[in-house]
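This report walks through a protein model together with the molecules bound to it. Please keep the sequence and the structure in view while reading, and look up each residue as it is named.

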Amino acid sequence: IGAEVKVTDTGQLELIDDEGKEHKLKKTNERSIRAMHPTSVKGVDDMIRLGDLNEAGLLRNLLVRHKEGIIYTYTGSILVAVNPYQLLPIYTIEHVHMYTDRRLGELQPHVFAIADSCFFNMRRHRKNQCCVISGESGAGKTESTKLMLQFLAAVSGQRSWIEQQVLEANPILEAFGNAKTIRNDNSSRFGKYIDINFNKGGAIEGARIEQYLLEKSRVCRQAPEERNYHIFYYMLMGMSAEKKKILSLGSAAEYKYLTMGNCTSCEGRDDVKEYAHFESALKILTFTENDFWEISKLLAAILHLGNVDFEATIVNNLEGCDVLASTHFKMASELLEVDPKALGKCLTQRSFQTARESVTKSLTSAQAVDGRDAFVKAIYGRLFIWVVDKINSAIYRPPEGENDVRQSIGLLDIFGFENFSKNSFEQLCINYANEQLQQFFVKHVFKLEQEEYARENIVWKHIDYQDNQRTLDVLASKPMNLLALIDEESNFPQGTDATLLHKINGVHKKSGIYIPPKNNYETQFGIQHFAGQVFYDSQGFLEKNRDTLSSDLIQLVEKSTSKLLKQQPAADSKKRMPTLSGQFRQSLDSLMKTLTACQPYFIRCIKPNDFKKPMLFDRELCMRQLRYSGMMETIRIRKAGYPVRYTFDEFLTRYRVLLKTSLCDPQTVKRCCESICENVLTGEGDWKTGKTKIFLKDFHDTMLEIERMKELNVKALLIQKVLRGYKYRREFLRKRSAAVVIQKHWRGHKGRKLYRLGFARLQAQVRSRQLHFQYKKKRQAALVLQTHVRGYVARKEWKRKRKAVILLQAHTRGILARKALEKMKRDVSSPSLKAVVVLFQMYLSAKERQEEQRLMLEKQRRLEEVLSQKREMEAKAQSESITDQEMVDDMFDFLTFMPNTVGGQEGQAPVGYEVWEYIDEIPMEDDLPKEDYDDLDEYSFNKFASMYFQGAATPTYIRQRLRQPLLYHEDEDDVLASLTVWWIILRFMGDLPEPKKHAQVGRPSTQERFMPQELISRKDRRLSNMVGLDQVKASLGISVLVLYILTEVSKPTTLQTVKEDPEVLTGELDTLDRPLSSLEKLHYIVGYAIVRPDLRLKKSEITWLSCWYRFLSFC
Ligand SMILES: Nc1ncnc2c1ncn2[C@@H]1O[C@H](COP(=O)(O)OP(=O)(O)O)[C@@H](O)[C@H]1O
Ligand SMILES: [Mg+2]
């Protein structure tokens, strides 16, 4: 025990120990106290670091920590958990996160750290893990298992349904398999192994629960202050009144099976709430309403059976019994769905099968009670197995094919080693299981380890440890072992507990492990277990081991209509059932096999006191538990040993990232491993390399893992950096190129839009300027024409007026002269003068006559002139056409003088025709598109002629009338018109003489001679129109003519009537065959041009050049 030393006033030493007791220290005892190692003063997380490696040191470490409320302590990778008996705030979700993915030893010891380590190692080594949680009843095994399960569910997945199902399996199992005992309010009365399956990604995929050795006797009997299984109390408290009525159930106090321990309630447990939880858990685990009802019925039947009483009778001098009629018995048979009479018979009689016949024997009432209890236990036991199977069917999915790789973590929560004042057969089984687990622990921690050190040539001082192999040999391994003998005796129908004991004595008396009874009457025998001696009472061993129902009851069950009852495996009576110990050993062997294949973890739960009290540390109790668990040896071997070992290849594969080739030049794998350890574990040098493996301490592994993690993080960051850079750059480039494409198209679109707009404006500008320029030119030309014409007209008018004035003057002067002459004549009649006058008259008469004659001529001419002027004046009043005619005559006068020059168009153009030359100089022409130039260059008149002229016609000018028009015309009228036009042009140009004034009647005209007959008739009619017009024109002038033509042409009906006018028809040929004035000819030419648009231009030749050529084709 640890203590604090004080010096009293008297100089005496006084000790205050850990329990607060004061001890006066005598001088003689002074030597027996030793100074505490500094590590023991405040305690350590890992007991391997304890300086005081003795039991007191260990105990004090736990005590000090317990006082501070720290319940977990490591011994290497083994967790020691002291039950706090109070809720500690260390299981929150924050703690789950805190312990996730951390190495063991990095943080304070915790059950979560072990769970995380299991999970991490499972994924790291791809090896199944298991965790053996051991300890006495009430030490906290079940709680630790639940915490591990919760942690694994939290870290493995995303709160999936299967995780929920796995977690919810617990309340159901606890309802059926847990009960209140004096040591634990929620004591598991069965062992369980939960194998949690994980998929490759580490998510929970399912689980499988294995149950071991349910304490069935509890259904019928409970020790004082203990209860039956929770489910009965849950049901009676939580079930609805209606249902209870159907099952005819009352309160717990009414049932014998529930009142044996005189305790029907449990402090701190709310049965109503638990029942609701149990019900919802059943639903989660896919139990149907019907399943639930069947379960309730069986449970109720058990309770009713418990209340069935037997009445002793004597029939034929033989002791017997009868069932006392009661509602309980009736209800029981109803709920079990069996015939009440048959049930009664089965409970009070037993039939035996002899060689010849079947014999029935009445049972005493005590035997009947035993038989009934056995029946009830069998029902409950099989109900429990059925429930576990049902849970497994919901949460376990067998692997699908070979590709379904799974890893698992197994959690073993099994009853601890126990030693009561009276230990039964079940206790022997339980303690045997603990021996097995201890052996597993010893093997793992000591045996295999030390063997391996030897194999690998590691310098090693052998550590002694307590090996329980011999106990196991006696119990179950060697031939004729204890359990085998029990089995053998159970199979003998004559075998009794006494014969069994006798046989065991004979075989094992001298083993040293088996302690025989002191005398022949004693039924108790002892076994030297690894945790101490335990005495077992052999009474009832065989009965319990046989674990069989009477054949009558089995047959009864077979006849039952209750599905659940029939479904139970025990109903199969033909096969011989293995004994209880046989079954147990079988399942334990398979469990040990599973555990051996796993990497194990150990949690040692320690109960600090028997009173379920917090902060109370019973040193004795704890010391005993520490001793059982072999903790001392464990610490020693863990301290000296190397619990972590890798082959060199494995080590290098895992920690290659820590190899620094720049610091050393390792040639072999071993050298590489050593180099890594030298670099990482500097100053922590206690690691070893063997022949094939490297040996490390737990904390070395932790250090290496942490370093590896750091290094990997750096590398992962680098990879992430590069990959992210690559990813984002690629994305950026893609986006940029996409942006460029969009920009390109957008800009193109915008540019085109602007261009179209701009170009249109530009075109409009250019065209407007061109038109403006043309208009200006034309206006100027028109002005020139106007001025010339007006000048000409004015001059002519002036001349006429002048002439008239002169005429008037002349007349006036003549009158005056004649008057003067008359006067003179009168004067001369005087004689003096008569001679002078005569002389003068003579002189004058000759001159006068001459003058008179001239004057007469002049007068005559003047008169004509005046007359014509007068006519002119009259005509002018209506129209100026005569003036126009003169103007045209004047203008085209030159034609008569230069007939030869017209054909070649050589020489200077006549006045007024220069305009055409200006057109060529329209400045804006330059802006026309290039292809137009090309066209123009090539578009010569020669080319035009060769393209469009009909027959052999050439562009050369001929002075003959044409037989057919130069250009092709669809309309026959156009053909005639063009020929006529040509004829008139020839005449206009002076190339053909004008016809004689009176053409001969009846002789066809020149024109007609050239034309087909029917054309002529058509032409006649058509031309008659023109001729008619011409006649009108003569009096109305050109503008009226044009107007007339236009109106006529635009009105085809009017044209028709004109055509058919016989008056107009006559003499039309005369009209054209007579001499025409230049203006008339021009009128015809222009008239035709107006009336016959086809002569002018074609749609395909809309350029002014083609118009010009077309015009040229006429000239
Ligand atoms: N870690 C813990 N924190 C708080 N109380 C605990 C803890 N472990 C155990 N207990 C208490 O101890 C009781 C017994 O624990 P349990 O796990 O049922 O023991 P075992 O299964 O070993 O018999 C629980 O009902 C609970 O009250
Ligand atoms: Mg338990």
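## The surroundings of ligand 1

In this predicted model, ligand 1 is surrounded by 15 residues, and the closest of them are Asn83, Gly138, Lys141, Thr142 and Glu143. When the residues of this shell are sorted by character, four are nonpolar, eight are polar and three are charged.

Several contacts with ligand 1 involve the protein backbone rather than side chains, and they can be followed one at a time. A polar backbone atom of Lys141 lies 2.8 Å from an oxygen atom of ligand 1, while for Asn186 the distance from a polar backbone atom to an oxygen atom of the ligand is 3.4 Å. Glu136 takes part as well, with a backbone N or O atom placed 3.5 Å from an oxygen atom of ligand 1. Taken alone, ligand 1 would expose 550 Å², and of that area the protein buries 85%.

## The magnesium ion

Which protein atoms act as donors to the magnesium ion, ligand 2? They are OG1 of Thr142 and OG of Ser188, and they lie 2.0 to 2.2 Å from the ion. Thr142 belongs to helix H5, which covers residues 141-156, whereas Ser188 belongs to strand E8, residues 187-188, so the pair ties together parts that are 46 residues apart in sequence. Thr142 and Ser188 are both buried. Thr142 also appears in the previous section, as one of the closest residues to ligand 1.

## Cysteines without disulfides

A disulfide is a covalent bond between the sulfur atoms of two cysteines. How many disulfides does the model contain? The count comes to zero. Cys605 offers an example of the reasoning: the closest cysteine sulfur to its own is that of Cys131, at 9.0 Å, and because a disulfide requires the two sulfur atoms to be within 2.5 Å, this is too far for a bond.

Cys605 is buried, with a relative accessible area of 3%. Cys220 is buried too, and its relative accessible area is 1%.

## Two buried residues and their partners

Asn423 sits in the loop between strand E15 (407-413) and helix H15 (425-455). Is this residue buried or exposed? Asn423 counts as buried, because its relative accessibility is 1% and the cut-off for burial is under 20%. A polar atom of the Asn423 side chain lies 2.9 Å from the backbone oxygen of Phe535.

Leu343 is part of helix H13, which runs over residues 340-348, and it is buried with a relative accessible area of 0%. Although Leu343 and Leu553 are 210 residues apart in sequence, their C-alpha atoms are 7.9 Å apart in space.

## Positive phi angles in two loops

Asp101 has a phi angle near 60°, which is a positive value in a residue other than glycine. This residue lies in the loop between helix H3 (93-99) and helix H4 (111-125), where it is partly exposed, with a relative accessible area of 47%.

Asn262 likewise has a positive phi, near 55°, and it too is a residue other than glycine. The loop that holds Asn262 is found between helix H9 (256-259) and helix H10 (271-284). Is Asn262 buried or exposed? With a relative accessible area of 67%, Asn262 is exposed, because that value is over the 50% cut-off.

How values were computed. Residues numbered from 1 in each chain as written. Chains lettered and ligands numbered in written order. Predicted model: local features only at pLDDT ≥ 70, side-chain atom pairs only at ≥ 80, totals over all residues. Heavy atoms only, no water. Near = heavy atom within 4 Å. Polar contact = N/O pair within 3.5 Å; in protein donor to acceptor, adjacent residues only side chain to side chain. Areas by Shrake-Rupley, 256 points an atom, 1.4 Å probe, with all protein chains shown as cover. Nonpolar A, V, L, I, M, F, W, Y, C, P; charged D, E, K, R; others polar. Buried < 20%, exposed > 50% of the residue type's maximum accessible area, 1.4 Å probe, protein only. Donors = N, O, S within 2.8 Å, 3.2 Å for Na, K, Ca; no water. Helix = DSSP H or I, 4+ residues; strand = E, 2+ residues; numbered from the N terminus.
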